[in-house]
Amino acid sequence: MDIQAIRSSMHDFEEAIFLGIEFDAGGIPVLLAGITREAKRVNLYFYAAGKDTAQAQEWNMEIEKKRQKGTLTKREELLWQLEGKGLEFDLLEMLRGIQVAGKEYGFRSGNGSGLEEYNLEGRMLLYQFLYHQVPFGFLEQVDLSNIQYAAVDLEGEYGELPFSRQDFGHVELLTASRNFHIPVKQEIKVPIGAQSGQSRTFFCEALNQEVAYYINNITLVDTLADYEKKHKEWEEEGEVQEEQELFHNCIKEICPPGMRNIMVEYECDGGFLEFYAKEQLEETVKINTGPAVAFFLAGRPQKEEGMHGKRMKVCMIQYPVEADIQEIELELLGAVVQEPEG
């Protein structure tokens, strides 16, 4: 790093209002450090506490050690992904605009990241705000590496700032509805076939509320036979591509001949559920040395509406089971919970 690098990372504000206003955005403290104009773009700079990078790196190293030793289970890997996301928070996903003195301003685009040591531009921007005596309130004692920022710009072009400092006596942050990918860890033992539809619940800490769901049906699906039927049609039409052959081979692993996959049909207004077979989660993760292929099986519910009058949803379990099983041990390991509108 040299002086030129530092100088190139500094912003040249033509106009600026330095603030340090704190907001509560759905239980998450967010700070608006300032509003600036550069050329015809008006930018707003937000800060919030991000993930603990040291904790995340330590966890990542522990998982990788288990992976290399061949002792990492599928359940451990999935929970690492789910709970690791709980250490993260993305400001850009939640900010959609701001209301100043009764007028709403939408955000057009933005960028941002954490303030790790290598982020020279982000840290220089913070130093500029500190130079102008911006108070950072709840972030004053937080390690810089655990702070994240978002620089967003208003829709439209401006020859001058569209508001004054006094206007910020009446300001409100406008946020978008978010999705929370959370761990659930709920074990369930169910028979194959139609279910009683009893109410089940799990708790979402992000929304501080219970989420209800109902399992309507557990179906065995011959995924390989269904795919090979389509594959034969493609061959006859001369439309088989290399990618389709690759998927065909992967499906043979997910559903070998004579085996079946499980389709869980359920109702849940609050989000989407992720079921796994118990044996699937107990298997150790294999290190893939070949080309990576990522896809998921999509099922179609037998009915559009469930027994409780809600829209039916489906979770296909990408794990082979015997065609004659009568009962299955599942785990609702995770869920994508949707924040209510408004």
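Two strands count as paired if DSSP finds at least two bridges between them. With that in mind, welcome to a quick tour of this predicted model, built around two open sheets. One has seven strands, and the other has three strands.

**The seven-stranded sheet**
- Reading across this open sheet, the order is β1-β2-β3-β6-β5-β4-β7, with antiparallel pairing.
- β1 (15-25) and β7 (171-175) sit at the edges with a single partner strand each, so one side of each lacks a neighbour in the sheet.
- From one strand to the next, the twist averages 30°.

**Where β3 meets β6**
- Strand β3 covers residues 41-49 and strand β6 covers residues 147-154; the two run antiparallel and are joined by seven bridges.
- For a handy spot to look at, find Tyr 45, which stands opposite Ala 151 in β6.
- Helix α5 (residues 120-131) packs on the sheet and touches β1, β2 (28-38), β3 and β6.
- The direction of helix α5 makes about 95° with that of β3.

**The three-stranded sheet**
- Here the strands follow the order β8-β15-β13 in an open sheet, again with antiparallel pairing.
- The edges belong to β8 (179-191) and β13 (271-277); each has a single partner strand, so one side of each is left without a neighbour in the sheet.
- Neighbouring strands of this sheet are turned against each other by 25° on average, direction ignored.

**Where β13 meets β15**
- β13 and strand β15 (residues 327-338) run antiparallel, with seven bridges joining them.
- Leu 273 has Ala 335 in β15 as its bridge partner.

Key
Residues numbered from 1 in each chain as written. Predicted model: local features only at pLDDT ≥ 70, side-chain atom pairs only at ≥ 80, totals over all residues. Heavy atoms only, no water. Helix = DSSP H or I, 4+ residues; strand = E, 2+ residues; numbered from the N terminus. Axes fitted to C-alpha atoms, helices over the stretch in contact; angles between N-to-C directions. Contact = heavy atoms within 4.5 Å.
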